[in-house]
Amino acid sequence: ERSFVCFVNCTRRNVDMFWVNFQGKHIKHKTLARRERYKIVTYVTHPWVFRDSETSSALVVNSEETFYPKVVWSCLHDPQAVFSLEIPKVLMLTIAKWPNCGSLYRGNHN
């Protein structure tokens with residue numbers, strides 16, 4: 001299943017983001033600058049790891065060295081509330097049209 005994630009580099013260092021492929025190989029995806037935010041559509045089966053760009057030291061996300069995206073369901077009582085979420089605009093427009101309890105947000109709050 002897809003997951004919508006916003007990674008935030010809360011460090012004073014540049015951070016390399018790696019997707020861990022299905023063979024366990026680290027594939028560099030991006031370097032996050034200090035304090036940079038990066039929104040991505042990924043999958044719950046795609047683990048991510050992060051390294052200090054200068055030293056290659058392992059960094060943690062949510063107290064773990066490997067980040068596993070999650071799918072989160074929550075009900076929006078006001079369909080317009082979807083436009084205040086930090087998700088891609090195309091997803092906002094899709095969710096705003098969904099029936100049932102106003103709208104459903106399917107994504108990751110991290």
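Which residue stands opposite A58 in β6? In this predicted model, the position is taken by R51, which faces A58 across the strand pair. The residue belongs to strand β5, and the surroundings of this strand are described below after an outline of the chain.

The protein chain comprises 1 helix and 9 strands. Read from the N terminus, its elements follow the order β-β-β-β-β-β-β-β-α-β, with the helix placed between the eighth strand and the final one. Of the 110 residues in the protein chain, 32% are buried. The accessible surface amounts to about 7000 Å², and carbon and sulfur atoms account for 53% of that area. Contacts between residues at least 6 apart in sequence were also examined; 57% of these join residues at least 24 apart.

Strand β5 spans residues 48–52 and is mostly covered, with 4 of its 5 residues buried. Its pairing with strand β2 (residues 15–20) is antiparallel and involves 5 bridges. Within this pairing, D16 has R51 of β5 as its bridge partner. R51 thus appears in two pairings, as the partner of D16 and as the residue opposite A58 in β6.

Strand β6, formed by residues 58–59, pairs with β5 in the antiparallel sense over 2 bridges. The two strands form a hairpin with 5 residues between them. In this hairpin, S56 adopts a positive phi near 65 degrees. A further antiparallel partner of β5 is strand β7 (residues 66–67), to which β5 is joined by 2 bridges. Here W48 is matched with F67, its bridge partner in β7. Strand β5 is accordingly paired with β2, with β6 and with β7, each in the antiparallel sense.

The pockets of the model were considered next. The largest pocket has a volume of about 320 Å³. Its lining consists of 16 residues, and those lying nearest the centre are F7, V8, N9, V60 and V61. Strand β1, which covers residues 2–8, gives the most to this lining, contributing 4 residues. Classified by type, the lining of the largest pocket contains 12 nonpolar and 4 polar residues, while charged residues are absent.

Terms used
Residues numbered from 1 in each chain as written. Predicted model: local features only at pLDDT ≥ 70, side-chain atom pairs only at ≥ 80, totals over all residues. Heavy atoms only, no water. Buried < 20%, exposed > 50% of the residue type's maximum accessible area, 1.4 Å probe, protein only. Pairing = 2+ DSSP bridges. 1 Å grid on protein atoms, 1.4 Å probe; cavity = no way out; pocket = protein on both sides within 12 Å on 5 of 7 lines; lining within 4 Å. Points joined across faces, edges and corners; volume = space filled by probe spheres on them. Nonpolar A, V, L, I, M, F, W, Y, C, P; charged D, E, K, R; others polar. Contact = heavy atoms within 4.5 Å. Areas by Shrake-Rupley, 256 points an atom, 1.4 Å probe, with all protein chains shown as cover.
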